[in-house]
Amino acid sequence: MGEVDAVVVGAGPNGLTAAVTLARAGLGVRVYEANETVGGGARTAGLTLPGFLHDPCSAVHPLGAGSPVWAELPLGRFGLEWVHPDLPLAHPVAGGKAAVLSRSVDETARSLDGVDSDRYRRLLEPFLGRWDDLAPEFLRPVLARPPRHPVLFGRFGLRALEPVAALARPFRGERARALIAGMAGHAIAPLSSPFTGGVALMFALAGHTGGWPFPRRGSQALSDALAAYLSSLGGEVRTGVRVTSMRELPEARAYLFDTSPQGLVAIAGDRLPDRYVRRLARYRHGPAVFKVDYALHGPVPWTAPECRRAGTVHLGATLEEVGAALAAVGRGQAPDPPFVITAQPSLFDDSRAPEGKHVLWAYGHVPFRWTGDLTDAIERQIERFAPGFRDLVLARAPAGPAAIEARDANNVGGDISVGRFGGRQALFRPVLSRVPYSTPDPSILLCSAATPPGPGVHGMCGYHAAAVVLRRLRA
Ligand SMILES: Cc1cc2nc3c(=O)[nH]c(=O)nc-3n(C[C@H](O)[C@H](O)[C@H](O)COP(=O)(O)OP(=O)(O)OC[C@H]3O[C@@H](n4cnc5c(N)ncnc54)[C@H](O)[C@@H]3O)c2cc1C
């Protein structure tokens with residue numbers, strides 16, 4: 001490639017999206033990636049036995065399918081194909097019953113108990129069909145501009161700022177309460193935390209809009225599509241290069257860091273004033289996860305038939321059980337039982353495992369930098385809802401916080417959200433600012449999930465950071 005206008009450090013979904021956004025505007029872009037493959041938290045690897053394809057990090061993509069920036073990119077031409085399970089999500093409770101999140105609001109409502117069906121419809125009704133208006137609002141920095149649909153967004157915001165415990169309070173049956181708590185559990189924060197209601201609402205609305213799909217052949221296909229599109233625009237990716245200092249990077253007009261705040265300081269700290277570096281040092285990490293990938297002899301024998309049709313299955317028998325697990329990790333204790341999130345892509349995509357065999361993706365939350373082994377607790381929780389599961393295991397690949405960080409340096413201490421969801425950081429990250437991607441050096445920006453709108457495979461942090469660069473270069 002010719003001149004390098006912009007350098008991106010890190011080829012995660014945000015780094016690649018930043019690079020693509022800049023290359024589409026005609027800039028010469030080069031990306032440096034520490035791993036041998038692109039993708040960061042959106043990769044696929046053979047972690048167990050030959051023929052089994054696992055996602056070491058993300059597997060399920062409600063926010064990817066609903067990403068406002070990716071909707072504008074021709075990723076299908078570069079190999080991305082979304083696979084939709086029959087049901088986005090099932091959440092089993094006691095007695096072999098389950099709540100489901102279906103693309104259809106009616107099917108979802110019918111899976112709840114008694115009056116909860118109407119309550120669910122009333123909760124979602126004002127927002128149905130409005131994803132395209134709402135997502136660009138909640139997937140951006142809060143202070144950047146006034147909302148384009150103030151009434152709609154105000155209505156959503158009022159529900160969203162509630163703790164999920166309050167959002168779920170009017171529901172009477174265990175199925176609705178567990179379903180809502182489980183969706184909020186992705187925030188990895190106590191159910192009493194403000195904005196966890198918003199997380200549940202966002203995932204429900206995503207389910208009713210674009211679903212919770214997997215990329216065919218695994219999450220790597222999404223990253224490969226972004227990288228191939230970048231290359232078609234003249235951009236370049238250099239893998240296997242861990243950047244440790246600005247001196248290793250070529251002269252450029254902008255440097256975008258798809259790294260943790262610490263990663264940015266380690267590389268570019270000598271270009272940043274001490275005051276800003278001290279502000280970044282106050283950035284707080286959240287709990288970690290313990291992940292297990294399984295190669296299975298057959299499909300998971302869920303007791304509740306709905307779970308056999310779902311891409312994602314959440315395991316926590318009641319709202320209280322999910323809450324107790326999240327509260328325990330917040331206190332620095334291992335949860336027992338853990339709230340376990342599982343995904344079963346091979347039920348819907350036969351490229352993921354040899355014929356008749358299956359993969360299962362599972363994780364539970366643990367304290368930051370926890371060094372124990374959650375494998376047995378995860379398997380006991382799966383067995384509770386799928387007796388006989390353990391007999392199907394051909395191989396397992398456990399990964400605790402240290403291994404999760406080793407796979408991707410952004411996941412400091414196993415914190416897959418690259419920052420705690422709570423307090424000021426629920427909305428403002430890494431620092432309180434109208435343009436949180438900026439640093440005091442106008443050529444240096446942060447574009448990872450440590451910036452708004454935060455974690456998840458959606459590319460919106462990278463997109464917004466690139467937009468700041470483009471505005472500056474054109475000014
Ligand atoms: C176990 C797990 C499960 C998850 N499940 C889901 C899910 O199902 N759905 C979902 O939407 N999200 C999920 N996530 C979260 C999601 O993966 C992240 O929020 C997302 O990948 C963040 O994207 P990013 O581009 O900011 O950073 P990352 O994806 O972390 O990418 C950062 C990249 O930068 C590279 N890098 C870092 N430092 C350097 C350096 N010094 N030099 C060169 N390269 C460097 C890293 O190697 C990495 O490739 C999960 C994450 C994990 C770990």
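This is a conversation about how terms and values apply to the predicted model shown above.

Visitor: What makes a residue or an atom pair count here?

Guide: Because this is a predicted model, local features need pLDDT of at least 70 and side-chain atom pairs count only at pLDDT 80 or more, while totals for chains, interfaces and linings use all residues. Residues are numbered from 1 along each chain as its sequence is written, and side-chain values use heavy atoms, with hydrogens and water left out.

Visitor: Which residues come nearest to the ligand, and what makes a residue near?

Guide: A residue is near a molecule if one of its heavy atoms lies within 4 Å of it. There are 36 residues around the ligand, and those that come nearest are Glu33, Gly41, Val60, Asp408 and Gly456. Helix H1 (13-24) and strand E2 (29-33) each supply at least two residues of this shell, and H1 gives the most, with three residues; helices (H or I, at least four residues) and strands (E, at least two) are DSSP runs numbered from the N terminus.

Visitor: How do you know which class each residue of the shell around the ligand belongs to?

Guide: Ala, Val, Leu, Ile, Met, Phe, Trp, Tyr, Cys and Pro count as nonpolar, Asp, Glu, Lys and Arg as charged, and the others, Gly among them, as polar. By that division the shell has 17 nonpolar, 14 polar and five charged residues.

Visitor: Why is the approach of Asn35 to the ligand called a polar contact?

Guide: A polar contact is a pair of N or O atoms within 3.5 Å; within protein, one must be able to donate a hydrogen and the other to accept it, and residues adjacent in sequence count only if both atoms are side-chain atoms. A polar side-chain atom of Asn35 lies 3.3 Å from an oxygen atom of the ligand, which is within that limit, so the pair qualifies. Backbone atoms take part as well, with a polar one of Ala59 at 3.2 Å from a ligand oxygen and a polar one of Val243 at 2.9 Å from a ligand nitrogen. The protein covers 94% of the 1,000 Å² of accessible area that the ligand has on its own, where accessible areas come from the Shrake-Rupley method with a 1.4 Å probe and, for residues, only the protein chains shown count as cover.

Visitor: Why is Asn35 called buried?

Guide: Buried means under 20% relative accessible area, exposed over 50%, and partly exposed in between (1.4 Å probe, protein chains only). Asn35 has a relative accessible area of 17%, so this residue is buried. Asn35 lies in the loop between E2 and helix H2 (62-65), and, leaving aside neighbours within four places in sequence, is in contact (heavy atoms within 4.5 Å) with Arg43, Thr239, Gly240 and Arg407.

Visitor: Is Arg407 buried or exposed, and how do you know?

Guide: With a relative accessible area of 18%, Arg407 is under the limit and therefore counts as buried. Arg407 is found in helix H15, and the side chain of Arg407 reaches the backbone oxygen of Pro56 at 3.3 Å. The C-alpha atoms of Arg407 and Cys57 are separated by 8.8 Å, although these residues are 350 residues apart along the chain.

Visitor: Why are Ile188 and Phe195 placed in their accessibility classes?

Guide: Ile188, at 7% relative accessibility, is under the limit and so counts as buried, whereas Phe195, at 26%, falls in between and so counts as partly exposed. Ile188 has a positive phi of about 55 degrees although it is not a glycine, and phi of Phe195 is near 75 degrees, again a positive value in a residue other than glycine. Ile188 lies in the loop between helix H8 (174-184) and helix H9 (196-209), and Phe195 lies in the loop between H8 and H9.

Visitor: What makes the pair of Phe127 and Phe156 edge-to-face?

Guide: Rings of Phe, Tyr and Trp (its six-membered ring) pair if their centres lie within 6.5 Å, and planes under 30 degrees apart count as stacked, over 60 as edge-to-face and the rest as tilted. The structure holds eight aromatic pairs; in the one formed by Phe127 and Phe156, the distance is 5.3 Å centre to centre and the planes are 85 degrees apart, so the pair is edge-to-face. Ring pairs link Phe127, Trp131, Phe138 and Phe156 into a cluster.
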